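Let's take a walk through this one together. Have the viewer open and follow along.

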Amino acid sequence: TGPLWHFTSMDAPNNPPNIPSSPVPANGTTGVGVTTDISWVGGDPDVGDTVLYDVYFGTNPTPTSLVSANQPGTSFIVNNITSGQYYWKVVSQSPSGACTTPSIYTFTVQPQPNVGFNVSPNGTICTGSPIILTGTGAVSYTWSNGVTNNVAFIPTQPNYTVTGTDA
């Protein structure tokens, strides 16, 4: 007979989850709106492991404000923020307690333009009389009812709406 061998089997080690990557908005993005959806790619190299995410967000370059804890999804909606620079990070964790050291991402919210308008030639809109509507206070303008900024047309109604953007 041959030698007698003794062995003990062990569970495979649990790997930490993947470090969140591919942030949206991309790191360093400018011109982000006051409400935006931040998202990332996550996951875990161990098949079947559930991953939960903690989202930290704020104006501190090292974000410490936990805005969402133990969420299973890979996105978070940030609402009603003001103009300025923001920082965020996502910590991923598996049920075994393994977690990742995240990257910190940043984006900048631009101030909303103060949009106004001018009506030419006499400051009033009269149905049937040619006018020019010109937006002010922004870079580009979108008018209701197919009106083109700073181009003459004959109005078919007394009211028009303009939206201006700085992007």
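Start in the loop between strand S11 (140-143) and strand S12 (162-165), which is where Asn 150 sits. Asn 150 is not a glycine, yet its phi is positive, at about 65 degrees. Keep in mind that you're looking at a predicted model, so any angle quoted here is a computed one.

Asn 150 has company in this respect. Ser 22, found in strand S1, also has a positive phi without being a glycine, in this case of about 50 degrees. Is Ser 22 buried, exposed or partly exposed? Its relative accessibility comes out at 48%, and since buried means under 20% and exposed means over 50%, Ser 22 counts as partly exposed.

While you're checking backbone geometry, have a look at two cis peptide bonds. One joins Val 24 and Pro 25, with omega at about 0 degrees; Pro 25 lies in the loop between strand S1 (21-24) and S2. Another runs from Ser 120 to Pro 121, with omega near 15 degrees. You'll find Pro 121 in the loop between strand S9 (116-120) and strand S10 (132-136).

Now zoom out. How many helices and strands does the protein have? The count is zero helices and twelve strands, so the pattern along the sequence reads β-β-β-β-β-β-β-β-β-β-β-β. With a radius of gyration of 27 Å, well over the 15 Å that the globule rule gives for 167 residues, the protein is more spread out than a compact globule. The extents of the C-alpha trace along the principal axes are about 110 × 35 × 20 Å. Of the 167 residues, 34% are buried. The protein exposes about 10,100 Å², and 54% of that is supplied by carbon and sulfur atoms. As for contacts between residues at least 6 apart in sequence, 55% join residues at least 24 apart.

Next, the sheets. One is an open sheet of five strands, in the order S2-S8-S7-S4-S5, and its pairing is mixed. At its edges are strand S2 (29-32) and strand S5 (66-71), each of which pairs on one side only. From one strand to the next, the twist averages 25 degrees.

You can step across this sheet pair by pair. S2 and strand S8 (residues 105-109) are parallel and share three bridges; Thr 30 has Thr 108 as its bridge partner in S8. Moving on, S7 and S8 run antiparallel and are joined by five bridges, with Tyr 87 opposite Thr 106 in S8. Then strand S4 (residues 52-58) is joined to S7 by seven bridges, again antiparallel, and here Tyr 53 is partnered with Ser 92 in S7. Strand S7 (residues 84-93) is mostly covered, with seven of its ten residues buried.

Over on S5, pick out Gln 71. What is its relative accessible area? At 11%, Gln 71 falls under the 20% cut-off, so this residue is buried. What does its polar side chain reach? One backbone oxygen, that of Gly 73, is at 2.8 Å from the side chain of Gln 71. The backbone oxygen of Ser 75 also lies 2.8 Å from a polar side-chain atom of Gln 71. Setting aside neighbours within four places in sequence, Gln 71 touches Trp 40, Val 51, Leu 52, Tyr 53, Val 55 and Phe 76. You've met Tyr 53 already, as the bridge partner of Ser 92.

That leads over to another sheet. It is an open sheet of three strands, ordered S1-S3-S6 with antiparallel pairing. S1 and strand S6 (75-78) are the edge strands, and each pairs on one side only. On average, neighbouring strands here are turned by 15 degrees against each other, direction ignored.

Within this sheet, strand S3 (residues 36-41) and S6 pair in the antiparallel sense over four bridges. Ser 39 stands opposite Ser 75 in S6. Ser 75 should ring a bell, as its backbone oxygen is the one lying 2.8 Å from the side chain of Gln 71. So hop back to Gln 71 in strand S5 and you can look at both ends of that contact in one view.

Key
Residues numbered from 1 in each chain as written. Predicted model: local features only at pLDDT ≥ 70, side-chain atom pairs only at ≥ 80, totals over all residues. Heavy atoms only, no water. Helix = DSSP H or I, 4+ residues; strand = E, 2+ residues; numbered from the N terminus. Rg over C-alpha atoms; globule rule 2.2 N^0.38 Å. Buried < 20%, exposed > 50% of the residue type's maximum accessible area, 1.4 Å probe, protein only. Contact = heavy atoms within 4.5 Å. Areas by Shrake-Rupley, 256 points an atom, 1.4 Å probe, with all protein chains shown as cover. Pairing = 2+ DSSP bridges. Axes fitted to C-alpha atoms, helices over the stretch in contact; angles between N-to-C directions. Polar contact = N/O pair within 3.5 Å; in protein donor to acceptor, adjacent residues only side chain to side chain.
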